[in-house]
Amino acid sequence: KRLKAWYSRLMESGLTWHEDPRIREQDFGNYQDPNIIKKAKRERYKFGTFYYRFPHGESASDVFDRVSTFLDSLWRSFESGRAQNYVLVTHGISIRVFLARYFRYSIDQFNLLANPQNCEMIILAHDGEGRLDLDGRCELELKQRAAAKDYADGKEEEANDGDEKSETVIVGYKKYERLRTVPPQHVRPRKVRMCHDDDEAS
């Protein structure tokens with residue numbers, strides 16, 4: 001129902017859209033048992049976020065492959081159907097992979113990126129020479145306010161002081177220049193060995 005309402009609003013605004021399964025959420029497996037998923041996420045942290053593949057599911061590397069083909073198709077679509085703005089609505093892992101693929105981030109740089117929050121926007125701006133530059137991110141600004149009560153006569157009144165009910169409302173967006181990164185305490189140092197007989201402690 002909400003999806004139909006969303007598409008109806010797009011049509012009313014004269015906007016076109018296209019669904020593409022290549023930018024879907026990462027596949028965590030066919031039948032997700034909560035205990036198995038928790039165990040898998042602990043293993044992923046030790047093994048490495050990018051290459052760890054969930055049982056019967058995908059790794060971030062797999063998502064990278066399909067997002068890469070989507071990016072190629074997207075770039076071609078810029079020539080066939082020009083528009084002033086393009087909006088991609090997708091999931092956190094797909095956004096991070098998209099950025100890593102386009103800007104050629106290393107695996108270590110990818111691992112430092114944190115998932116965007118709900119409704120957070122990553123902005124890429126055209127440089128006028130055929131390339132896109134990172135133009136920051138916009139994060140929702142939320143505010144708590146007392147919830148309104150509905151009465152039989154149709155009027156709304158603010159909740160009494162003794163009533164602790166509140167609601168979250170959107171007051172706008174706040175723009176940041178840098179992407180969100182994982183907290184320092186979640187970053188693990190990585191040892192690199194140049195050959196098989198290197199001392200692991202070096």
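In the predicted model, 25% of the 202 residues of the protein chain count as buried. The exposed surface of the chain amounts to about 15,900 Å². Carbon and sulfur atoms supply 50% of that area.

The protein chain holds five helices and five strands. Read from the N terminus, the order of elements is α-α-α-α-α-β-β-β-β-β. Contacts between residues at least 6 apart in sequence were also examined. Of these, 58% join residues at least 24 apart.

In soluble globular proteins, nonpolar side chains tend to be buried together. The largest nonpolar core in this model comprises 16 residues. Leu74, Ile93, Val97, Phe98 and Phe110 have the most contacts inside this core. Helices α3 and α4 (92-103) each supply at least two of the core residues. The largest share, seven residues, comes from α3. Phe98 touches Val67, Phe70, Leu71, Leu74, Leu88 and Leu124, with residues up to four places away in sequence left out of the list. Leu74 thus appears both as a contact of Phe98 and among the residues with the most contacts inside the core.

Another core lies apart from this one and has five residues. Among them are Ile37, Ala40, Tyr52 and Phe54.

Nonpolar side chains also occur at the surface. Phe47, Tyr51 and Ile107 make a nonpolar surface patch of about 340 Å². Tyr51 sits in the loop between α2 (34-47) and α3 (60-80).

Terms used. Residues numbered from 1 in each chain as written. Predicted model: local features only at pLDDT ≥ 70, side-chain atom pairs only at ≥ 80, totals over all residues. Heavy atoms only, no water. Patch = residues over 30% accessible without salt bridge, like charges linked within 9 Å, V, L, I, M, F, W, Y side chains within 5 Å. Areas by Shrake-Rupley, 256 points an atom, 1.4 Å probe, with all protein chains shown as cover. Salt bridge = Lys/Arg side-chain N within 4 Å of Asp/Glu carboxyl O. Helix = DSSP H or I, 4+ residues; strand = E, 2+ residues; numbered from the N terminus. Core = buried A, V, L, I, M, F, W, Y, C linked by side-chain atoms within 4.5 Å. Buried < 20%, exposed > 50% of the residue type's maximum accessible area, 1.4 Å probe, protein only. Contact = heavy atoms within 4.5 Å.
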